[in-house]
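Colleague: I'm more at home at the bench than with models. Could you walk me through reading this one?

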Amino acid sequence: MKLFKIYQKINTGYDTFDSAVVVADSAEEAQKIHPDFLPGSSSFSDFDSWVSRPGLVKVMYLGEVVGEPDSDIYPGAVICASFNAG
């Protein structure tokens with residue numbers, strides 16, 4: 001598993017996410033993670049706090065996850081997110 005910073009500079013108003021650190025197996029998988037994913041949501045367009053589709057998300061590789069597996073560290077996990085409350 002790998003750590004990635006995901007970020008966007010398109011939706012920059014109040015009550016939006018600008019970035020997050022996530023766990024994924026690849027940059028392509030990281031790009032598909034929403035910082036505030038809610039179970040049962042069908043797509044990025046269900047959210048107005050992020051971008052409307054994964055292709056708009058920028059990805060930066062940070063490093064490998066090392067150590068013993070942890071229940072909070074799994075592919076798709078959001079480790080930390082930056083939210084611009086308004």
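Modeller: Sure, let's start with T16, which lies in strand 2. Strands here are DSSP runs of E with at least two residues, helices are runs of H or I with at least four residues, and both are numbered from the N terminus. One caution early on: this is a predicted model, where local features need pLDDT of at least 70 and side-chain atom pairs count only at pLDDT 80 or more, while totals for chains, interfaces and linings use all residues. Residues are numbered from 1 along each chain as its sequence is written, and side-chain values use heavy atoms, with hydrogens and water left out.

Colleague: Is T16 buried or exposed?

Modeller: Buried means under 20% relative accessible area, exposed means over 50%, and partly exposed is in between (1.4 Å probe, protein chains only). T16 has a relative accessible area of 2%, so T16 is buried.

Colleague: What is T16 in contact with, beyond its neighbours within four places in sequence?

Modeller: Contact means heavy atoms within 4.5 Å. With those neighbours left aside, T16 contacts N11, D48, S49, S82, F83 and N84. Take S49 from that list: S49 sits in the loop between helix 1 (27-31) and strand 3. S49 counts as buried because its relative accessibility is 9%. Apart from neighbours within four places, S49 is in contact with N11, D15, T16, F17, H34 and F83.

Colleague: Now the sheet. How do strands hold together in general?

Modeller: Strands of a sheet pair through backbone hydrogen bonds, either parallel or antiparallel. For this model, two strands pair if DSSP finds at least two bridges between them. The result is an open sheet of four strands in the order 3-1-2-4, with antiparallel pairing. Strand 3 and strand 4 are at the edges with a single partner strand each, so each has one side without a neighbour in the sheet.

Colleague: Which residues of strand 1 can I use to follow the pairing?

Modeller: Strand 1 (residues 2-7) pairs with strand 2 (residues 16-24) over six antiparallel bridges. Within that pairing, F4 has V22 as its bridge partner, and I6 has A20. Strand 1 is also joined to strand 3 by six bridges, again antiparallel; there, K5 stands opposite M60.

Colleague: And what do nonpolar side chains tend to do?

Modeller: In soluble globular proteins, they tend to be buried together. I call a nonpolar core a set of buried Ala, Val, Leu, Ile, Met, Phe, Trp, Tyr and Cys residues joined through side-chain atoms within 4.5 Å. The largest one here has 12 residues, including F4, I6, A20, V22 and W50. Strand 1 and strand 2 each supply at least two of its residues, and strand 2 gives the largest share, with four. Outside its neighbours up to four places away, W50 touches residues including I6, F17, I33, F44 and V57.

Colleague: How many salt bridges does a search of the whole structure find?

Modeller: One. A salt bridge means a side-chain nitrogen of Lys or Arg within 4 Å of a carboxyl oxygen of Asp or Glu. E29 forms one with K32, with the closest N and O atoms 3.4 Å apart. E29 has a relative accessible area of 40%, so E29 is partly exposed.

Colleague: Where does V65 lie?

Modeller: V65 is in the loop between strand 3 (58-64) and strand 4 (78-84). Although V65 and K2 are 63 residues apart along the chain, their C-alpha atoms are separated by 5.4 Å. Leaving aside neighbours within four places, V65 contacts M1, K2, L3, V23 and I73.
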